[in-house]
Amino acid sequence: MSPVSPLFEEHTHEPTSETPAGPQAAAPLAAENAPPKPPRPLSPQQQAELTLAEAFPTAEPGVIKAILIASRGDIEPAFNALLGMLHHQK
């Protein structure tokens with residue numbers, strides 16, 4: 001038997017079963033390690049409701065939503081309406 005060059009021997013090894021076979025096998029690993037998707041941006045209606053809820057923490061969410069709808073989504077008249085309502089409750 002003839003001696004085999006060490007260089008040739010390194011390149012003739014069969015891949016082990018521990019290594020993934022091709023790019024398809026690596027895809028699930030990449031998906032598992034992917035960062036979470038960022039949250040969807042809030043709609044203008046949701047942003048207005050959140051702003052008013054922060055300004056008036058004691059107001060019911062349903063009341064804020066109703067006033068915002070009555071104000072056609074305009075935050076300034078909705079803010080003034082909530083301010084008037086809460087002022088008269090005291």
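# How helix α4 packs in a five-helix chain

The protein chain has five helices and zero strands. This is a predicted model. From the N terminus on, the elements run α-α-α-α-α. The chain has 90 residues, and 12% of them count as buried. Among contacts with a separation of 6 or more, 29% join residues 24 or more positions apart.

## Two helix pairs

Helix α3 takes part in two pairings described here: one with α4 and one with α5. The table sets them side by side.

| Pair | Angle | Axes | Handedness of crossing |
|---|---|---|---|
| α3 and α4 | roughly 125° | within 10 Å | right-handed |
| α3 and α5 | about 30° | 11 Å apart | right-handed |

Take α3 and α4 to begin with. Helix α3 covers residues 44–55, and helix α4 covers residues 61–70. Their axes cross at roughly 125°. The two helices are therefore oblique to each other. From α3, the contact uses Gln 45, Ala 48, Glu 49, Leu 52 and Ala 53. From α4, the contact uses Ile 64, Lys 65, Leu 68 and Ile 69. By class, that gives six nonpolar, one polar and two charged residues.

Now α3 and α5. Their packing angle is about 30°. Angles under 35 degrees count as roughly parallel, and α3 and α5 are therefore roughly parallel to each other. On the α3 side, the residues are Ala 48, Thr 51, Leu 52 and Ala 55. They meet Ile 75, Ala 78, Phe 79 and Leu 82 in α5. This contact divides into seven nonpolar residues, one polar and no charged.

Ala 48 and Leu 52 of α3 appear in the contact with α4. Ala 48 and Leu 52 also appear in the contact with α5.

## The two sides of α4

Which residues of α4 are buried? They are Ile 64, Ile 67 and Leu 68. Seen down the axis of α4, these residues fall within an arc of 100°, so they line one face of the helix. A general rule helps here. An α-helix has 3.6 residues a turn, so residues three or four places apart point the same way.

What do the buried residues of α4 pack against? Their partners are α3 and α5, the latter spanning residues 75–89.

The face turned away from the buried side carries exposed residues. These are Gly 62, Ile 69 and Ala 70. Ile 69 is exposed, yet Ile 69 also belongs to the contact with α3.

## A closer look at Ala 53

Ala 53 sits in helix α3. Is Ala 53 partly exposed or buried? Its relative accessible area is 33%, so Ala 53 is partly exposed. Ala 53 and Ile 64 are eleven residues apart in sequence. In space, they are 7.1 Å apart, C-alpha to C-alpha. Both residues belong to the contact between α3 and α4.

## After α4

The loop between α4 and α5 holds Ser 71. With a relative accessible area of 14%, Ser 71 is buried. Which residues does Ser 71 contact, leaving aside its neighbours within four places in sequence? They are Pro 77 and Ala 78. Ala 78 of α5 also takes part in the contact with α3.

Arg 72 lies just after α4 too. Arg 72 takes a positive phi of about 55°.

How values were computed:
Residues are numbered from 1 along each chain as its sequence is written. This is a predicted model: local features need pLDDT of at least 70, side-chain atom pairs count only at pLDDT 80 or more; totals for chains, interfaces and linings use all residues. Side-chain values use heavy atoms; hydrogens and water are left out. Axes are lines fitted to C-alpha atoms, for helices over the stretch in contact, and angles run from 0 to 180 degrees between N-to-C directions. Helices (H or I, at least four residues) and strands (E, at least two) are DSSP runs, numbered from the N terminus. Angles under 35 degrees count as roughly parallel, over 145 as roughly antiparallel, 65 to 115 as roughly perpendicular and the rest as oblique. A crossing is left-handed if the near helix is turned anticlockwise from the far one by less than a right angle, and right-handed if clockwise. Contact means heavy atoms within 4.5 Å. Ala, Val, Leu, Ile, Met, Phe, Trp, Tyr, Cys and Pro count as nonpolar, Asp, Glu, Lys and Arg as charged, and the others, Gly among them, as polar. Buried means under 20% relative accessible area, exposed over 50%, partly exposed in between (1.4 Å probe, protein chains only). The arc is that of the directions from the helix axis to the C-beta atoms.
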